[in-house]
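Dear colleague,

I am handing over the structure we spoke about, and I would be glad if you kept it open while you read the notes underneath.

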Amino acid sequence: MARIGFVGLGNMGGPMARNLLKAGHQVMGFDLVPEALAALAAAGGIAAASAAEAASGAEFVITMLPAGRHVREAWLGTGGMAAASAPGAVLIDCSTIDVATAREVAAGAGHPMLDAPVSGGTMGAEAGTLTFMVGGPDEAYAAATPILSAMGRTLVHCGGAGAGQAAKACNNMMLAANMIITAEAFVLAEKLGLTHQALFDVASKSSGQSWALTTYCPVPGPVPSSPANRDYKPGFAAALMAKDLGLAQEAAATAGAVTPLGAEALALYRRFLEDGKGDADFSGIIQMLRGMAKG
Ligand code: NAD
């Protein structure tokens, strides 16, 4: 049993903290939203009065916050959690943020720190089946493995500080481009009189194959569990995909990498969001592509 501080008990952090409790750990949590704190207490956790209180005395201190500015302020700001954390504590940020901020916070924390963003969404958070992409020192990763395993099924140690965020940005840029081109192919097939099932049967066994096609197919029918079969209810919301693509573009600009398809994917998802579709599943972008077609 470990003593864990957990700050950011929203859609992801709430169920993640509950899985730590289920695994027998003691969790003291904090969130700005009183209902989130009450839910933690109802699940057997302890509600702290501040982020610093949640951090103090804990062996592992975890954040699951919206964006880089929240993470920097929570750890390094006035009354920040890094200063409040006990000697020997391992700090873990599970938020999805930019690589540069992840590295800056790890360098300024004064404790061993891991960036450990996740994939798997709210369903994975509930089920404890998240994938963690982790950056940071070997010893901290080894110490944190049982804690992360209580919230996830797959852990990958990607390298030093920021490597977890880098892996997530690269992966999601690939996913977005795969999804858009798969959706484009279905729209083209419709225009050519080819059925969805026929394209799926060929491409899923051929070189056009991808996760976006075979697990998350953007048209209803071929993969019954994909969000296309439930009117593009997420799943993985388009707004979150646009956020991750923005982080990938920031990272590319800073690192001097050329990612024209990643930039175009971001532009298309921004347009989808402007249509008011931020809450739809990201595979719903096929509807926008269909609407853009001539004739
Ligand atoms: P959310 O908005 O539901 O939760 C964030 C929580 O942080 C809120 O409850 C908010 O009150 C709290 N918060 C903000 N500032 C705070 C502060 N200073 N102190 C204490 N609490 C504070 O967001 P979410 O969906 O849980 O996402 C969290 C992170 O996980 C994001 O970085 C997101 O990109 C990432 N993520 C989300 C998903 C998903 O499917 N929702 C999937 C993978 C990764």
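What follows is a description of the domains, one strand pair, the surroundings of the ligand and two backbone details.

Please bear in mind throughout that this is a predicted model. The domain assignment divides the chain into domain 1, residues 3–159, and domain 2, residues 166–292, and the centres of domain 1 and domain 2, taken over C-alpha atoms, are separated by 29 Å. Where the two meet, nine residues of domain 1 are in contact with 10 residues of domain 2, and the side of domain 1 that touches domain 2 is made up of five nonpolar, three polar and one charged residues.

The UniProt record, in an unreviewed entry, lists "domain: 6-phosphogluconate dehydrogenase NADP-binding" at residues 3–159, and over that stretch the chain is 42% helix and 25% strand, with the end C-alpha atoms 26 Å apart. For residues 162–289 the UniProt record, again as an unreviewed entry, gives "domain: 3-hydroxyisobutyrate dehydrogenase-like NAD-binding"; here the chain is 62% helix and 0% strand, and the end C-alpha atoms are 34 Å apart.

Within residues 3–159 you may like to look at strand E8 (residues 130–135) and strand E9 (residues 152–159), which run parallel and are joined by six bridges. Between E8 and E9 the chain passes through helix H8 (residues 138–149), and this β-α-β crossover is right-handed. In the pairing itself, Phe-132 stands opposite Leu-155 of E9.

Turning to the ligand, there are 25 residues around it, of which Gly-8, Gly-10, Asn-11, Met-12 and Thr-96 come nearest. Helix H4 (68–76), helix H7 (121–127) and helix H12 (238–255) are the elements that give two or more residues to this shell. By class, the shell around the ligand contains 14 nonpolar, nine polar and two charged residues.

Finally, the loop between helix H11 (211–214) and H12 deserves a look at the level of the backbone, since two unusual features were found there. Most residues other than glycine have a negative phi, and most peptide bonds are trans. Asp-231, which is found in the loop between H11 and H12, has a positive phi of about 55° although it is not a glycine. The peptide bond from Pro-234 to Gly-235 is cis, with omega near 10°, and Gly-235 lies in the loop between H11 and H12 as well.

With best regards

Definitions and conventions. Residues numbered from 1 in each chain as written. Predicted model: local features only at pLDDT ≥ 70, side-chain atom pairs only at ≥ 80, totals over all residues. Pairing = 2+ DSSP bridges. Helix = DSSP H or I, 4+ residues; strand = E, 2+ residues; numbered from the N terminus. Right-handed = clockwise from strand over helix to strand, strands pointing away. Near = placed C-beta within 6 Å. Nonpolar A, V, L, I, M, F, W, Y, C, P; charged D, E, K, R; others polar. UniProt positions renumbered as here; feature names shortened; annotations may be inferred. Domains from an automatic or database assignment. Contact = placed C-beta atoms within 7 Å.
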